[in-house]
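This report introduces a structure to a reader who has not met it before. Please view the sequence and the model together.

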Amino acid sequence: MTVRTSGRADAASIGRTIYRAVADDRVTALAPTLAKLHEAGAFGFPELYASARADRYSRRLIWRDPEYRFVVVGMTWGPGQFAPLHDHAGSWGAEIVVEGSMKQTAFRLVDRDPEGRFRFIREGEEIAHAGEVSVVLPPLEYHIFGNPTSEVSRTVHVYGCAFDRCQTFTHDADGWWRSQTVELSYDA
Ligand SMILES: [Fe+2]
């Protein structure tokens, strides 16, 4: 990230720009819009991100649409910090790497059993570098996402809902996974 040393982050301008991109067709224009904001340096301000934490990646709310149509969240990932397999609450969204590199492993949900367990097929794995965007669009909304490097990475995420909770998944027996609802909070 080119850290901006002058000026201040304009969260409202970021919010307006993303609103214009998603108002009509949700995700089609979102990826190029995030890439353009990144190129223009809009995400380069340190105040958009919470400090790295030792116990997990940190999240800071950048912008919440007044009608909760989307939120914009800045995240800081310490070396080796990953989010476990999770969903996106059935919402569309996108994430851009602002600094460092991130690894994504996508999963496709293929089955549920009477006990409420889930079965997934592991799909592609990719490394994204600064300026690269990946899109989340249900039913393709399950992934493991994190920082595989030895440096801090920063990302900006847009979710098409309030996104204050999601489901995470942990391995169970015989290739099945169990879900857990997780409340998502923000770091100061
Ligand atoms: Fe995610």
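The sections below describe the nonpolar cores, one residue and the strand pairing.

## Basis of the report

The model is predicted: local features need pLDDT of at least 70, side-chain atom pairs count only at pLDDT 80 or more, and totals for chains, interfaces and linings use all residues. Residue numbers start from 1 along each chain as its sequence is written.

## Nonpolar cores

A nonpolar core is a set of buried Ala, Val, Leu, Ile, Met, Phe, Trp, Tyr and Cys residues joined through C-beta atoms within 7 Å. Buried residues have 20 or more other C-beta atoms within 10 Å of their own, with C-beta atoms placed from the backbone. The largest core has 31 residues, and Ile-18 is among the six that touch the most other members. Strand β2 (71-77) gives the most to this core, with five residues; helices and strands are DSSP runs (H or I, at least four residues; E, at least two), numbered from the N terminus.

A second, separate core of five residues includes Leu-85, Phe-107, Tyr-142 and Phe-169.

## Phe-169

Phe-169 belongs to strand β10 (residues 165-171). Phe-169 counts as buried because it has 21 C-beta neighbours inside 10 Å. Gln-180, eleven residues away in sequence, lies 6.3 Å from Phe-169, C-alpha to C-alpha.

## Strand pairing

Strands pair if DSSP finds at least two bridges between them. Strand β5 (residues 101-112) pairs antiparallel with β6 (residues 118-129) over ten bridges, and five bridges join β5 to the antiparallel β8 (residues 142-146). Phe-107 has Arg-122 as its bridge partner in β6 and Tyr-142 in β8.

Note on methods. Buried ≥ 20, exposed ≤ 12 C-beta atoms within 10 Å, placed from the backbone.
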